[in-house]
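Dear colleague,

I am handing over the structure below, and I would be glad if you could look through it alongside the notes that come after it.

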Amino acid sequence: MAQSRDPSPIIFILLFLILAAGGGYWFFWRQPSSDLSQTTVTSANTDPALPQPTQPETPPREAFSKPTSVPPGTVVRIDGSTSMVSLNQTLKEEFERQFPNTSIITQANGSDKGIRGLLSGQVDIAAVSRPLSAGETAEGLVAFPVVGDRIAIAIGNSNPLSQGLASGQVKDIFQGKITNWSQVGGPDLPIQVINRPAISGTHQVFRELVLQGEPFGTTPNITILERDATTPMLRQLGNDGIGYATAAQIINQQTVRAIAIDGILPEFSGYPYTRTLFYVYQNPPSDAVKAFLGMVEHDRGN
(Lines give C-alpha, C1' and ligand atoms only; values in the text may rest on other atoms or scores of the structure.)
Protein backbone atom coordinates (compact mmCIF):
# COMPACT_ATOMS: atom_id res chain seq x y z
CA MET A 1 0.00 0.00 0.00
CA ALA A 2 1.29 3.40 -0.84
CA GLN A 3 2.03 5.54 2.19
CA SER A 4 0.32 8.96 2.52
CA ARG A 5 2.56 11.92 1.86
CA ASP A 6 2.80 15.06 4.01
CA PRO A 7 1.24 18.19 2.54
CA SER A 8 3.61 20.12 0.38
CA PRO A 9 5.30 23.08 2.12
CA ILE A 10 3.91 25.36 -0.57
CA ILE A 11 0.39 24.69 0.72
CA PHE A 12 1.37 26.00 4.17
CA ILE A 13 2.88 29.08 2.57
CA LEU A 14 -0.32 29.77 0.63
CA LEU A 15 -2.47 29.31 3.74
CA PHE A 16 -0.25 31.72 5.68
CA LEU A 17 -0.51 34.37 2.98
CA ILE A 18 -4.30 34.07 2.87
CA LEU A 19 -4.61 34.43 6.66
CA ALA A 20 -2.21 37.33 6.70
CA ALA A 21 -4.15 39.10 3.98
CA GLY A 22 -7.41 38.59 5.84
CA GLY A 23 -5.93 39.89 9.09
CA GLY A 24 -4.54 42.93 7.33
CA TYR A 25 -7.94 43.66 5.85
CA TRP A 26 -9.53 43.45 9.29
CA PHE A 27 -6.86 45.63 10.92
CA PHE A 28 -6.92 48.43 8.35
CA TRP A 29 -10.59 48.46 7.28
CA ARG A 30 -12.64 46.94 10.09
CA GLN A 31 -11.31 49.03 12.96
CA PRO A 32 -13.79 51.49 14.57
CA SER A 33 -14.12 54.65 12.51
CA SER A 34 -13.15 56.95 15.41
CA ASP A 35 -9.43 56.60 14.69
CA LEU A 36 -9.89 57.47 11.03
CA SER A 37 -12.14 60.41 11.79
CA GLN A 38 -9.61 61.72 14.30
CA THR A 39 -6.94 61.57 11.61
CA THR A 40 -9.18 63.52 9.26
CA VAL A 41 -9.82 66.26 11.84
CA THR A 42 -6.12 66.57 12.61
CA SER A 43 -5.34 66.90 8.91
CA ALA A 44 -7.99 69.60 8.52
CA ASN A 45 -6.48 71.56 11.40
CA THR A 46 -2.94 71.49 10.05
CA ASP A 47 -3.33 71.67 6.29
CA PRO A 48 -4.01 75.28 5.24
CA ALA A 49 -5.39 74.06 1.90
CA LEU A 50 -8.35 72.44 3.67
CA PRO A 51 -11.30 74.26 5.31
CA GLN A 52 -10.41 75.21 8.87
CA PRO A 53 -12.74 74.91 11.88
CA THR A 54 -14.56 78.17 12.49
CA GLN A 55 -14.61 80.01 15.82
CA PRO A 56 -17.97 80.80 17.42
CA GLU A 57 -19.30 84.00 15.85
CA THR A 58 -20.78 86.97 17.65
CA PRO A 59 -24.57 86.84 17.25
CA PRO A 60 -25.72 89.34 14.60
CA ARG A 61 -27.32 92.51 15.83
CA GLU A 62 -31.07 92.79 15.88
CA ALA A 63 -32.91 94.25 12.90
CA PHE A 64 -34.96 97.11 14.33
CA SER A 65 -38.38 98.06 12.98
CA LYS A 66 -39.16 101.65 12.13
CA PRO A 67 -41.17 103.02 15.09
CA THR A 68 -44.63 104.38 14.37
CA SER A 69 -45.32 105.59 17.90
CA VAL A 70 -43.35 105.96 21.12
CA PRO A 71 -44.92 106.31 24.59
CA PRO A 72 -44.76 109.86 26.01
CA GLY A 73 -42.10 110.20 28.66
CA THR A 74 -39.66 107.85 26.90
CA VAL A 75 -36.04 108.75 27.73
CA VAL A 76 -32.89 107.48 26.01
CA ARG A 77 -29.53 108.31 27.62
CA ILE A 78 -26.47 108.36 25.32
CA ASP A 79 -22.84 108.86 26.31
CA GLY A 80 -19.57 108.18 24.54
CA SER A 81 -17.37 109.34 21.70
CA THR A 82 -16.68 113.02 21.15
CA SER A 83 -16.55 112.20 17.44
CA MET A 84 -20.30 111.61 17.51
CA VAL A 85 -21.42 114.84 19.20
CA SER A 86 -22.90 116.39 16.05
CA LEU A 87 -24.46 113.12 14.96
CA ASN A 88 -26.02 112.58 18.39
CA GLN A 89 -27.49 116.07 18.34
CA THR A 90 -28.96 115.64 14.87
CA LEU A 91 -30.58 112.32 15.76
CA LYS A 92 -31.81 113.67 19.10
CA GLU A 93 -33.60 116.54 17.36
CA GLU A 94 -35.12 114.22 14.75
CA PHE A 95 -36.38 111.69 17.31
CA GLU A 96 -37.90 114.34 19.56
CA ARG A 97 -39.53 115.97 16.52
CA GLN A 98 -41.10 112.73 15.35
CA PHE A 99 -42.18 111.64 18.83
CA PRO A 100 -43.23 114.59 21.04
CA ASN A 101 -42.81 114.37 24.82
CA THR A 102 -39.77 112.12 24.52
CA SER A 103 -36.21 112.99 25.52
CA ILE A 104 -32.79 112.00 24.22
CA ILE A 105 -30.08 112.97 26.73
CA THR A 106 -26.60 113.08 25.21
CA GLN A 107 -23.13 113.40 26.68
CA ALA A 108 -19.64 112.95 25.23
CA ASN A 109 -17.19 111.60 27.81
CA GLY A 110 -15.33 109.25 25.47
CA SER A 111 -16.00 105.79 24.06
CA ASP A 112 -14.66 103.88 27.06
CA LYS A 113 -16.69 105.88 29.58
CA GLY A 114 -19.77 105.39 27.43
CA ILE A 115 -19.27 101.63 27.51
CA ARG A 116 -18.68 101.64 31.28
CA GLY A 117 -21.86 103.66 31.73
CA LEU A 118 -23.76 101.18 29.59
CA LEU A 119 -22.50 98.20 31.59
CA SER A 120 -23.37 99.91 34.89
CA GLY A 121 -26.85 100.87 33.71
CA GLN A 122 -26.20 104.61 33.79
CA VAL A 123 -26.80 105.04 30.05
CA ASP A 124 -28.93 103.22 27.49
CA ILE A 125 -26.64 103.58 24.45
CA ALA A 126 -22.89 104.07 24.18
CA ALA A 127 -21.67 106.11 21.23
CA VAL A 128 -18.44 104.38 20.26
CA SER A 129 -15.80 105.21 17.64
CA ARG A 130 -14.05 101.82 17.70
CA PRO A 131 -15.04 98.15 17.38
CA LEU A 132 -15.99 96.26 20.52
CA SER A 133 -13.47 93.99 22.18
CA ALA A 134 -14.10 90.26 22.65
CA GLY A 135 -14.55 90.88 26.37
CA GLU A 136 -17.20 93.54 25.74
CA THR A 137 -19.20 91.32 23.41
CA ALA A 138 -18.94 88.52 25.98
CA GLU A 139 -20.75 90.84 28.42
CA GLY A 140 -23.70 91.05 26.06
CA LEU A 141 -22.86 94.29 24.26
CA VAL A 142 -23.85 94.61 20.61
CA ALA A 143 -22.45 97.17 18.15
CA PHE A 144 -24.88 98.88 15.78
CA PRO A 145 -22.97 100.50 12.87
CA VAL A 146 -24.21 104.02 12.25
CA VAL A 147 -21.98 105.75 9.73
CA GLY A 148 -18.56 105.67 8.13
CA ASP A 149 -16.08 108.26 9.35
CA ARG A 150 -12.57 109.50 8.58
CA ILE A 151 -9.89 110.62 11.00
CA ALA A 152 -8.37 113.90 9.83
CA ILE A 153 -4.84 115.06 10.61
CA ALA A 154 -5.12 118.70 11.63
CA ILE A 155 -2.71 121.63 11.70
CA GLY A 156 -3.31 125.34 12.32
CA ASN A 157 -4.00 127.65 9.40
CA SER A 158 -0.95 129.66 10.47
CA ASN A 159 1.32 126.62 9.98
CA PRO A 160 3.55 127.33 6.93
CA LEU A 161 3.49 123.68 5.80
CA SER A 162 2.24 123.89 2.22
CA GLN A 163 1.94 120.22 1.34
CA GLY A 164 0.43 117.14 2.92
CA LEU A 165 2.21 114.24 4.59
CA ALA A 166 2.91 110.64 3.70
CA SER A 167 1.33 108.08 5.99
CA GLY A 168 4.81 106.96 7.07
CA GLN A 169 5.67 110.54 8.07
CA VAL A 170 2.51 110.80 10.18
CA LYS A 171 3.44 107.57 11.95
CA ASP A 172 6.95 108.83 12.67
CA ILE A 173 5.65 112.19 13.95
CA PHE A 174 3.28 110.59 16.45
CA GLN A 175 5.97 108.15 17.56
CA GLY A 176 8.48 110.94 18.20
CA LYS A 177 10.86 109.93 15.40
CA ILE A 178 10.27 113.15 13.43
CA THR A 179 10.30 116.18 15.72
CA ASN A 180 10.90 119.18 13.42
CA TRP A 181 8.75 120.47 10.58
CA SER A 182 11.85 120.91 8.42
CA GLN A 183 12.12 117.09 8.27
CA VAL A 184 8.88 116.94 6.27
CA GLY A 185 9.32 120.01 4.04
CA GLY A 186 8.09 122.65 6.48
CA PRO A 187 9.77 125.45 8.44
CA ASP A 188 12.55 124.93 10.96
CA LEU A 189 10.20 124.66 13.95
CA PRO A 190 9.78 121.93 16.56
CA ILE A 191 6.62 119.86 16.02
CA GLN A 192 4.20 120.07 18.93
CA VAL A 193 2.13 116.86 18.91
CA ILE A 194 -1.25 117.03 20.65
CA ASN A 195 -2.43 113.53 21.50
CA ARG A 196 -5.81 112.41 22.85
CA PRO A 197 -6.01 110.39 26.10
CA ALA A 198 -6.02 106.60 25.97
CA ILE A 199 -9.72 106.41 26.96
CA SER A 200 -10.61 108.01 23.63
CA GLY A 201 -11.99 105.67 20.98
CA THR A 202 -10.40 107.92 18.36
CA HIS A 203 -7.04 107.51 20.11
CA GLN A 204 -7.42 103.72 19.99
CA VAL A 205 -8.45 103.61 16.33
CA PHE A 206 -5.68 106.06 15.41
CA ARG A 207 -3.16 103.73 17.02
CA GLU A 208 -4.44 100.82 14.91
CA LEU A 209 -4.87 102.70 11.62
CA VAL A 210 -1.94 105.09 11.70
CA LEU A 211 0.61 103.49 14.03
CA GLN A 212 -0.26 99.96 12.88
CA GLY A 213 -0.81 98.85 16.46
CA GLU A 214 2.48 100.24 17.75
CA PRO A 215 2.62 102.63 20.75
CA PHE A 216 2.63 106.41 20.61
CA GLY A 217 5.90 108.17 21.25
CA THR A 218 6.86 109.64 24.61
CA THR A 219 9.25 112.36 23.47
CA PRO A 220 9.05 115.79 25.20
CA ASN A 221 7.30 117.37 22.20
CA ILE A 222 4.22 115.12 22.63
CA THR A 223 1.46 116.41 24.91
CA ILE A 224 -1.44 114.20 26.04
CA LEU A 225 -4.73 115.95 26.69
CA GLU A 226 -6.21 115.45 30.16
CA ARG A 227 -9.68 114.89 28.74
CA ASP A 228 -10.98 113.71 25.39
CA ALA A 229 -12.15 116.95 23.84
CA THR A 230 -11.56 118.28 20.33
CA THR A 231 -11.95 122.02 20.85
CA PRO A 232 -9.06 122.39 23.36
CA MET A 233 -6.85 120.38 21.02
CA LEU A 234 -7.64 122.61 18.05
CA ARG A 235 -6.93 125.74 20.09
CA GLN A 236 -3.41 124.49 20.88
CA LEU A 237 -2.32 123.83 17.29
CA GLY A 238 -1.05 127.35 16.48
CA ASN A 239 1.69 127.48 13.84
CA ASP A 240 3.60 124.38 14.98
CA GLY A 241 1.08 121.87 16.34
CA ILE A 242 -0.49 118.73 14.90
CA GLY A 243 -3.43 116.67 16.14
CA TYR A 244 -6.26 114.47 14.91
CA ALA A 245 -10.04 114.30 15.11
CA THR A 246 -13.03 113.09 13.18
CA ALA A 247 -13.00 114.84 9.82
CA ALA A 248 -16.39 116.48 10.40
CA GLN A 249 -14.90 118.44 13.31
CA ILE A 250 -12.02 119.77 11.19
CA ILE A 251 -13.44 120.51 7.76
CA ASN A 252 -14.80 124.07 7.40
CA GLN A 253 -13.06 125.25 10.56
CA GLN A 254 -11.77 128.83 10.41
CA THR A 255 -8.52 128.43 12.34
CA VAL A 256 -7.36 124.88 11.46
CA ARG A 257 -7.29 122.67 8.41
CA ALA A 258 -7.07 119.00 7.49
CA ILE A 259 -4.03 118.02 5.44
CA ALA A 260 -3.77 115.47 2.66
CA ILE A 261 -2.36 112.04 3.53
CA ASP A 262 -0.58 110.25 0.69
CA GLY A 263 -1.97 112.99 -1.56
CA ILE A 264 -5.63 112.49 -0.58
CA LEU A 265 -7.79 114.82 1.53
CA PRO A 266 -10.41 113.34 3.91
CA GLU A 267 -13.24 114.43 1.63
CA PHE A 268 -12.15 112.14 -1.19
CA SER A 269 -12.31 108.43 -1.94
CA GLY A 270 -9.21 106.45 -1.06
CA TYR A 271 -8.37 108.41 2.07
CA PRO A 272 -6.43 105.95 4.25
CA TYR A 273 -7.72 106.70 7.75
CA THR A 274 -11.32 105.47 7.67
CA ARG A 275 -13.42 103.80 10.36
CA THR A 276 -17.01 103.07 11.44
CA LEU A 277 -18.93 104.80 14.23
CA PHE A 278 -21.26 102.66 16.35
CA TYR A 279 -24.12 102.83 18.78
CA VAL A 280 -23.67 100.05 21.34
CA TYR A 281 -26.52 98.56 23.36
CA GLN A 282 -26.91 95.87 26.01
CA ASN A 283 -28.65 92.76 24.76
CA PRO A 284 -31.62 92.41 24.98
CA PRO A 285 -32.42 96.05 24.13
CA SER A 286 -35.15 97.96 25.91
CA ASP A 287 -38.21 99.24 24.03
CA ALA A 288 -36.78 102.78 24.17
CA VAL A 289 -33.49 101.63 22.63
CA LYS A 290 -35.37 99.67 19.96
CA ALA A 291 -37.37 102.76 19.04
CA PHE A 292 -34.33 105.05 18.80
CA LEU A 293 -32.21 102.60 16.81
CA GLY A 294 -35.20 101.75 14.63
CA MET A 295 -35.41 105.41 13.63
CA VAL A 296 -31.65 105.51 13.03
CA GLU A 297 -31.71 102.32 10.95
CA HIS A 298 -34.52 103.40 8.65
CA ASP A 299 -34.03 107.16 8.47
CA ARG A 300 -30.29 106.80 7.77
CA GLY A 301 -30.63 103.83 5.43
CA ASN A 302 -28.66 101.31 7.54
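The notes below go from the whole chain to two helical regions and then to a single loop residue.

Please keep in mind throughout that this is a predicted model. The protein chain has nine helices and nine strands, and of its 302 residues 40% are buried. If one takes the contacts between residues at least 6 apart in sequence, 76% of them join residues at least 24 apart. The chain exposes about 16800 Å², of which 56% is supplied by carbon and sulfur atoms.

The first region is helix α6, which spans residues 167-174 and whose buried residues are V170, K171, I173 and F174. Viewed down the axis of α6, these buried residues fall within an arc of 160°, and they therefore line one face of the helix. As for what that face meets, the buried residues of α6 pack against the strands β4 (141-156), β5 (192-195), β6 (222-224) and β7 (241-246), and also against helix α7 (201-209). Just after α6 comes G176, which takes a positive phi of about 75°.

The second region is the pairing of helix α3 (residues 85-98) with helix α9 (residues 287-299), whose axes come within 11 Å and cross at roughly 105°. Since crossing angles of 65 to 115 degrees count as roughly perpendicular, α3 and α9 are therefore roughly perpendicular to each other. On the α3 side the contact is made by L91, E94, F95 and Q98, while α9 contributes A291, F292, M295, V296 and D299. Sorted by class, this contact of α3 with α9 has six nonpolar residues, one polar residue and two charged residues.

Finally, there is L189, which is found in the loop between α6 and β5. Is L189 buried, partly exposed or exposed? Its relative accessibility is 26%, and because buried means under 20% and exposed means over 50%, L189 counts as partly exposed. Leaving aside residues up to four places away in sequence, L189 touches T179, N180 and W181, and also N239 and D240. With T179, which lies 10 residues away along the chain, the C-alpha separation of L189 is 8.7 Å.

With best regards

Definitions and conventions
Residues numbered from 1 in each chain as written. Predicted model: local features only at pLDDT ≥ 70, side-chain atom pairs only at ≥ 80, totals over all residues. Heavy atoms only, no water. Buried < 20%, exposed > 50% of the residue type's maximum accessible area, 1.4 Å probe, protein only. Helix = DSSP H or I, 4+ residues; strand = E, 2+ residues; numbered from the N terminus. Arc of directions from axis to C-beta. Contact = heavy atoms within 4.5 Å. Axes fitted to C-alpha atoms, helices over the stretch in contact; angles between N-to-C directions. Parallel < 35°, antiparallel > 145°, perpendicular 65-115°, else oblique. Nonpolar A, V, L, I, M, F, W, Y, C, P; charged D, E, K, R; others polar. Areas by Shrake-Rupley, 256 points an atom, 1.4 Å probe, with all protein chains shown as cover.
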